[in-house]
Amino acid sequence: MRWKGPECGHATQALAALGHEPGDIGRVIFTHLHGDHCGGFLDGLGATATEIVLSRAEAEYWRGASHPASRVLAQASGRLVLVEDGDTVDAGLTVWALPGHTPGHTGLIIDGEAALLGDCVHLPALQLADPMIATKYDDDTALAQRTRVAALMRLADEGLAFGGGHIADAAGTPAFLRIMAERAGFVAVAP
């Protein structure tokens, strides 16, 4: 898993391109602590955020591990807010437990209109058609598969738009999708 190198660690520069500095960020919400999701925190954002939100199960899983996640937990000391499924992080922002990719992996429901899935779906082109396709990065493959199917069903049933850590359009720009059930899988429809 890459969390360092020429393609990674550009969170501070990405913020600058949007006209922000790390000090502008008051709260960081992690879906999980794989290096590609928490590396930017270690590269400058962690020193300035006043609140770091993470699921309790994720914190317990990584505490003391020989992994960048344990460095995140150490940097977040005293500022860590541990949450559970269904907790409200802020007005209109609700925690959604999506275990399997990691034990404490979560997503967020935004105003009942959209969802952020973290890494519940890595490869929409494959995993929408067949949600049983897993990646080698899933900690518990069977649980990740069950979670993905249930999450995709909810998204389709409720008509929620969704995005995720690895969901992008053809140009590589982060994207939101809407889906509908089709046969044994799902298909994307216009957002």
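**Exercises on salt bridges and a sheet**

Arginine 183 is exposed, its relative accessible area being 82%, where exposed means over 50%, buried under 20% and partly exposed in between (1.4 Å probe, protein chains only). The model is predicted, so that local features need pLDDT of at least 70 and side-chain atom pairs count only at pLDDT 80 or more, while totals for chains, interfaces and linings use all residues. Residues are numbered from 1 along each chain as its sequence is written, and side-chain values use heavy atoms, with hydrogens and water left out.

**Exercise 1.** Find the salt bridge partner of arginine 183 and classify its exposure.

*Solution.* A salt bridge requires a side-chain nitrogen of Lys or Arg within 4 Å of a carboxyl oxygen of Asp or Glu. Arginine 183 meets this with glutamate 182, their closest N and O atoms being 3.3 Å apart. Glutamate 182 has a relative accessible area of 34% and therefore counts as partly exposed.

**Exercise 2.** Locate the salt bridge between glutamate 84 and arginine 56 along the chain.

*Solution.* The N to O distance of this pair is 2.8 Å. Glutamate 84 lies in the loop between E3 and strand E4 (88–90), whereas arginine 56 belongs to helix H3 (residues 56–62), 28 residues apart; helices (H or I, at least four residues) and strands (E, at least two) are DSSP runs, numbered from the N terminus.

**Exercise 3.** Determine the strand order of the open sheet and its edges.

*Solution.* Two strands pair if DSSP finds at least two bridges between them. The order is E1-E2-E3, with parallel pairing. Strand E1 (27–29) and strand E3 (80–83) each have a single partner strand, so one side of each is left without a neighbour in the sheet.
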